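Trainee: Please choose one strand and look at it closely. Then take me outward, to the open spaces and the charged contacts.

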Amino acid sequence: MLKVLRKPMITGLTLALLLPAGLNSSASAEDSVKALDVDSIAERYADSFDIGAAVEPFQLEGESGEVLKHHYNSIVAENVMKPISIQPEEGKFNFEEADKIVKFAKENDMEVRFHTLIWHSQVPEWFFLDENGEPMVDETDAKQREKNKKIVLKRVEKHVKEIVKRYKHDVDSWDVVNETIDDGGGLRESQWYQLTGTDYIKVAFETARRFADKDAKLYINDYNTEVEPKRTDLYNLVKDLLADGVPIDGVGHQGHIQIGWPSLQETEDSINMFASLGLDNQITELDISLYGWPPRPAYPTYDDIPEDRFQAQADRYDALFELYEKLDDKISSVTFWGIADNHTWLNDRAEEYNDGVGVDAPFVFGLDYEVKPAYWAIMD
């Protein structure tokens, strides 16, 4: 693979063309340059990995749609492909919004990541109700629990089958199961797990493999995969599943991180750990919060964010992408969990922990798609 060296790529002439008269390559100059006026991130990393963005269907049009086409060659749905959106009622599949994203990707020659087939959150309750509409987890009779387990697994199989068959020739990477490990380590005690053990994971992957395109890759996806004990517990789960013949092709590392956390060494160790199992790695939901944990105090408005925070974020992005590029034989895709700072779930989190007031700014493009210091950092 031809390696692209991480060295300055923007010449003096290019900068002179990009920057308004009287400005230099300072933060104020960067704020005045728009995303559509600078080189494509996807082209910059074409020899290393795909560059993706998570979207809602309304972002496929207008300026956001143009920025998508210019900077990204992979796309994933932020919400409209999750179980509650696709099959809100048993047997009633709603593909309208998901189809819009797939159509956009086809028209613009973009890869498609599907997120997500099975998840403990944003899943309709009917998956876990018995024939009488009662919660299966409350059942105490052993024989009935075994029957309920079979019902749940059949529902998993049907859900996965119908979706994968529909998008067989469109989706390149499938997040088959999302967030199986608990924050404190150990298997997440979701209703999926309480009712089926790890069989729901096995059935989901086996069904996806049976109906997906032969070249499509199947991923188990999670957050905080860089840190212990979650990293080792996910590793042990995947290792056991592989030994049992479950067709897992790779691990998705969400990458919801902070300027100071986790460490680069932890990130590198995690990628190498799963690669040692012969698995691909994808960074699936990357955003870099301005805050630690919990995210408080938060800046009340975007204009209140000091320039040095954007520079610290840029330094973090620079180091991170340098690491990704170093490991590009083990990483096939890097996806941002958004396009620009004007749409991010992290704003909701900032508000939640700051009495309803607070913003975050996790991406390389700002509110009006202006270029932030982080863009120049990852482009060198």
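Mentor: Start with handedness: a crossover is right-handed if, with the strands pointing away from the viewer, the path from the first strand over the helix to the second runs clockwise. Helices (H or I, at least four residues) and strands (E, at least two) are DSSP runs, numbered from the N terminus. This is a predicted model, where local features need pLDDT of at least 70 and side-chain atom pairs count only at pLDDT 80 or more, while totals for chains, interfaces and linings use all residues. Residues are numbered from 1 along each chain as its sequence is written, and side-chain values use heavy atoms, with hydrogens and water left out.

Our strand is β4, residues 173-178. Of its 6 residues, 6 are buried (under 20% relative accessible area, with exposed over 50% and partly exposed in between, for a 1.4 Å probe and protein chains only). The strand is therefore largely enclosed by the rest of the structure.

Now find its partners. Two strands pair if DSSP finds at least two bridges between them. β4 pairs with strand β3 (residues 111-119) in the parallel sense, over 5 bridges. Look for Phe114, which stands opposite Trp174 in β4. β4 also runs parallel to strand β5 (residues 217-222), and 5 bridges join them. Here Val177 stands opposite Ile220 in β5.

Follow the chain from β3 to β4. Helix α7 (residues 142-166) completes a β-α-β unit with these two strands, and the unit is right-handed.

Next, the empty space. Rolling a probe the size of a water molecule over the atoms shows where empty space is left. The search uses a 1 Å grid over the protein atoms alone. A cavity is a set of points where a 1.4 Å probe fits but cannot get out. A pocket is an open set with protein on both sides within 12 Å along at least five of seven lines. Lining residues have an atom within 4 Å of a point. Grid points are joined across faces, edges and corners, and a volume is the space filled by probe spheres set on the points.

Val177 turns up again here. With Asn178 and Glu179, Val177 is among the residues that line the second largest cavity. Others there include Trp119, His120, Arg188 and Tyr200. The volume of this cavity is about 40 Å³. Its lining holds 4 nonpolar, 4 polar and 2 charged residues. Ala, Val, Leu, Ile, Met, Phe, Trp, Tyr, Cys and Pro count as nonpolar, Asp, Glu, Lys and Arg as charged, and the others, Gly among them, as polar.

Glu179 has a second role. In the largest pocket, Glu179, Tyr223, Gln254, His256 and Trp345 lie nearest the centre, out of 24 lining residues. β3, β7 (256-258) and α13 (345-352) are the elements that give two or more residues to this lining. β7 gives the most, with 3. The pocket holds about 570 Å³ of space. Its lining counts 7 nonpolar, 10 polar and 7 charged residues.

The whole structure has 2 cavities of 30 Å³ or more. The largest holds about 70 Å³. Among its lining residues are Glu226, His253, Leu286 and Tyr324. Helix α11 gives the most to this lining, with 3 residues.

Last, the charged contacts. A salt bridge is a side-chain nitrogen of Lys or Arg within 4 Å of a carboxyl oxygen of Asp or Glu. The structure holds 24 of them. Arg188, which we met at the second cavity, is linked with Asp183, Asp222 and Lys230 in a network of salt bridges.

Compare two single pairs. Arg44 and Glu325 meet at 3.1 Å, N to O. Arg44 sits in helix α3 (residues 41-44) and Glu325 in helix α12 (residues 307-326), 281 residues apart. Arg44 counts as buried because its relative accessible area is 3%. Glu325 is buried too, at 4%.

Lys326 and Glu268 also form a salt bridge, at 2.8 Å, N to O. This pair links helix α12 to helix α11 (residues 264-275), across 58 residues. Here the two ends are unlike: Lys326 is exposed at 52%, whereas Glu268 is buried at 14%.
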